[in-house]
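Me: I would like to go through this structure step by step. Please keep the answers short and end each one on what I asked for.

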Amino acid sequence: MEKYDIVIIGGGPAGLAAAVSARKNGIDSILILERDKELGGILNQCIHNGFGLHTFKEELTGPEYAQRFISQAQELDIAYKLNTMVMDISHDKIVTAMNREDGLFEIQAKAVILAMGCRERARGALNIPGFRPAGIYSAGTAQRLVNMEGYMPGREVVILGSGDIGLIMARRMTLEGAKVKVVSELMPYSGGLKRNIVQCLDDYGIPLKLSHTVVDIKGKERVEGVTIAEVDGKGKPIPGTEEFYSCDTLLLSVGLIPENELSGKMGVEMNPVTSGPKVNESLETNIEGVFACGNVLHVHDLVDFVSEEAAAAGKNAALYVKGEEAEAADGREIILRPVEGVRYTVPGTIHTARMDDTLTVRFRVGGVYKNCYVSVYFDEERVIHRRRQVVAPGEMEEVKLTKEQLLQYPDLKTVTFKIEDE
Amino acid sequence: MYDVVIIGAGVSGAATARELSRYQAKICVIEKEEDVCCGTSKANSAIVHAGYDAVTGSLKAKLNVRGNEMMEGLSKELDFPFKKCGSLVLCLDKEDYPSLQALYERGVANGVKQMRILDREEVLSMEPNVTGKVYAALYAPTAGIVCPFGLNIALAENAYANGVEFRFDTKVEDIRKTEGGYELHTSKGTLSAKCIVNAAGVYADRLHNMVSDEKMQIIPRRGDYCLLDKSAGGHVGMTIFALPGKLGKGILVSPTVHGNLLIGPTAVDVEDKEGTNTTREGLEQVIEKAGMNVKDIPMRQVITSFAGLRAHTETDDFIIEEVKDAPGFIDCAGIESPGIASCPAIGEMTAQIVRDKMGLKEKEDFISTRKGILNPETLDKEERNALIKENPAYGNIICRCEMITEGEIIDAIRRPLGAKSLDGVKRRTRAGMGRCQSGFCSPRTMEILARERGADMSDITKSGGKSHIIVGTNKDTL
């Protein structure tokens, strides 16, 4: 059986950044396993710009952003296999994978980095009633057809869900000659970035209908139209508010789900809120030497933060392989507790002995809050109280904790994150 | 001139075709859709009922019990997924206990074997997720589940292998009596046949009424379903029913042969014979009622919902007989639940009527077995690697949710009566049937379909007809 120090599952932005970082931290034996025909993951179909503002201080397209990391990986001679599907990862880190050339093969890894990304929620997850004709696509499927293959999936489009891919596709379909009639969003706020609403909808005069959902799909062979209705506070359609839009295409941008079937099978504990693994400050799961980063851990808005997170995972995996990972000597584990408006935090626990000088804690809020405070409590004491004009579920939040700060509280058990009015 | 034309390539038509292909006869199956298994046969509960539901002495009762007995053997002969998982009919209220007992007695009278009435503790020890309110249950170990597509496709492929012709996209517009038989006017020209089998599902009344003065009415009875991800598949081990009511067997909760969890159906009579649209009320009802019998169903794991139409008749029984005022025209109509369970026996009975009518002689070279699409997951590592070495397409995963390889998809397209559309591939291989519902694999499956069929990407459809996936190329209208 072949052996590698670190096997990285997925060659998208997370996997690439983790690989580069692990190499820079002294690990030579690294293998990336990628199921698609090229490295770069979903970035390859994200041909719009806006990537890399944080990482490279310039605006890149998705493929350009990916190429920066692919080039680094190649310069660092990091091994990878394309068109290779990982079928199974055992609890003791034997990775079973398959491709056309090697058949079914096994690799023993010392450390594994999970970087499989996420998938789109499908129609079924929403139980949208109506017929099931051709012409209903997840926004990402349409994006692949248009951006990578040059095919138009439809001419007249209604989009359900205002996630970022849906917003981006509203603009793309318009630029390619389709008429995007409306974007309907079930929630009273958009799930996408503000800048995408402005640049992809407002600039093209595409209406965004908040608190609206699709209540019927017409057309037996191909979509002929959809009916949209306003919903009440519980998400139930309000009778009498139905509006019919004739169209041949319904795009769905109704959420992303981390792809953790492999993780679950190998015994990684999941956080039901993120659908991603529970991790500690090292982005390590409950299985020693198994790390997670990027959208498989929790869905991000910006790839820059994926790269940053993945670099940390790569570094920590390198330390683990080298046996340099600090012992959690004091045995102290601090629990991060999301409450009152904060849905989750990544990581979920901190061993201060193992953390870097600064640790970025990322989280999302459960609703739109205006003129509020993001507060962090060390046990009962409020230590961070940051005023915000607005926080929304569509934009990931972060708070940086320093080691110095945490060490000042030797008996600290719980760090609580919440949104407060004052 | 055909000896027999069978109208409809659902399970009833395909089972009849397969049984008739044992005999020396020129047989053709015509189907208005592009593939087999496109109507009621593709959207149902996929349950091989034990046979205690139907009124004793009815055709439903007789053919259900017989079909149930035949199914396991047939699944081996024709290589399709079947599992004898057993079923429970729950009695939640002590007051309803007599009805449960009556069901047991009816089962005994119908010839169902091995049934037992279980008390609350026994039920909960067998199925811990059944509602704690359960008082007793009827346990039928002979009940099972089947892949309805696999069953239908296997029957059709075997019939084809035994010389039965299939014509798709062929809709019967009129039938006229002629000397020595019938003339069928179809959307693809005229055919003549000595004998016709009417296995047209919800359309069987239209065809029947073309030749008979004794009018038939088929009422499409819609049922909505929700299908849950495989992660929820182990929620119950058996098919769980409520005590039957007026409109059928109520909402069931069942594992599927592929490891998903299925809940449904509703029962709503509709006018539209193509009215397979789900409704909000229907889906809500499914979720609510399923939850009354089985607790903690993880509804967040729903991956798709669908609706099917049952071909219901006022007589509430199967109609399998030669039409009195239309000799040589054999109805195989009103096939609703337990149609899937009964289908092997329905095929047998319908074929016998035709055989006796026409005095058909058995063939000597009937091929009784058929090999399904190879599922590489059934192979061990060495066998699988040998397969990939011989055909690397088996090393290339296309559908990542169901782990379906390019090799399986190519087999599905190339085999006789092969897949022509995305849904055709899906029904044969499960590619696109998983949790992402073809989000990732559909563009790749389209490429394979286009390549294998020598077609353009723009010709590829979801399910034939005008169900095209793409409508043009970027900027082509600008």
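Reply: One term is needed before we start: two residues are in contact when heavy atoms of theirs lie within 4.5 Å. Keep in mind also that this is a predicted model.

Me: In chain A, what share of the contacts with a separation of 6 or more is between residues 24 or more positions apart?
Reply: The count for chain A takes in contacts with a separation of 6 or more. Among these, the part from residues 24 or more positions apart is 63%.

Me: What is that share in chain B?
Reply: For chain B the count again takes contacts with a separation of 6 or more. Residues 24 or more positions apart supply a share of 72%.

Me: How many helices and strands does chain A have, and what is its radius of gyration?
Reply: Chain A contains 9 helices and 30 strands. Its C-alpha trace spans about 65 × 60 × 40 Å along the principal axes. For 422 residues, a compact globule would have a radius of gyration near 22 Å, and chain A agrees with that, at 22 Å.

Me: What radius of gyration does chain B have?
Reply: Chain B has 12 helices and 23 strands. The globule rule gives 23 Å for 478 residues, and the value for chain B is close to this, so the chain is as compact as a globular protein of that length. Its C-alpha atoms fill a box of roughly 60 × 55 × 50 Å along the principal axes. The radius of gyration asked for is 22 Å.

Me: What percentage of the residues of chain A is buried?
Reply: A residue counts as buried when its relative accessible area is under 20%. In chain A, with its 422 residues, the buried part is 60%.

Me: How much of the accessible surface of chain B do carbon and sulfur atoms supply?
Reply: Chain B exposes about 18600 Å². It is also a chain in which 61% of the 478 residues count as buried. Of the exposed area, carbon and sulfur atoms supply 48%.

Me: How far apart are the centres of the positive and negative side chains in chain B?
Reply: There are 61 positive and 67 negative side chains in chain B. The centres of these two sets are separated by 2 Å.

Me: Which residue of chain A forms a salt bridge with B:Asp272?
Reply: B:Asp272 lies in the loop between strand S17 and helix H7 of chain B, and its partner in the loop between strand S15 and strand S16 of chain A, so the pair joins two chains. The closest N and O atoms are 2.7 Å apart. B:Asp272 is partly exposed, at 32% relative accessibility. The partner is A:Lys220.

Me: Is A:Arg364 buried or exposed?
Reply: A:Arg364 meets A:Asp301 in a salt bridge of 2.7 Å, N to O. The pair links distant parts of the chain, with A:Asp301 in the loop between strand S22 and helix H8, A:Arg364 in strand S26, and the two positions 63 residues apart. A:Asp301 has a relative accessible area of 21% and is partly exposed. At 9%, A:Arg364 is buried.

Me: Why are B:Glu284 and B:Arg280 separated by about one helical turn?
Reply: The side chains of B:Glu284 and B:Arg280 form a salt bridge, 3.6 Å from N to O. B:Glu284 is partly exposed at 34%, and B:Arg280 is partly exposed at 26%. They are about one helical turn apart because both belong to helix H7 of chain B, at a spacing of 4 residues.

Me: Which residues of chain B belong to the salt-bridge network that includes A:Arg35?
Reply: The structure holds 64 salt bridges over all chains. One network of them links A:Arg35, A:Arg119, A:Glu259 and A:Glu261 with residues of chain B. Those residues are B:Asp229, B:Arg400 and B:Arg435.

Me: How far is B:Lys371 from B:Glu77 in space, C-alpha to C-alpha?
Reply: B:Lys371 sits in the loop between helix H8 and helix H9 of chain B, and at 64% relative accessibility B:Lys371 counts as exposed. Leaving aside neighbours within four places in sequence, B:Lys371 is in contact with B:Asp79, B:Glu157 and B:Arg415. B:Lys371 and B:Glu77 are 294 residues apart in sequence, while their C-alpha distance is 8.3 Å.

Note on methods:
Residues are numbered from 1 along each chain as its sequence is written. Chains are lettered from A and ligands numbered from 1 in the order in which they are written. This is a predicted model: local features need pLDDT of at least 70, side-chain atom pairs count only at pLDDT 80 or more; totals for chains, interfaces and linings use all residues. Side-chain values use heavy atoms; hydrogens and water are left out. A salt bridge is a side-chain nitrogen of Lys or Arg within 4 Å of a carboxyl oxygen of Asp or Glu. Buried means under 20% relative accessible area, exposed over 50%, partly exposed in between (1.4 Å probe, protein chains only). The radius of gyration is taken over C-alpha atoms; the globule rule is 2.2 Å times the number of residues to the power 0.38. Accessible areas come from the Shrake-Rupley method with a 1.4 Å probe; for residues, only the protein chains shown count as cover. Lys and Arg count as positive and Asp and Glu as negative; His and the chain ends are not counted. The place of a charge is taken as NZ of Lys, CZ of Arg, CG of Asp or CD of Glu.
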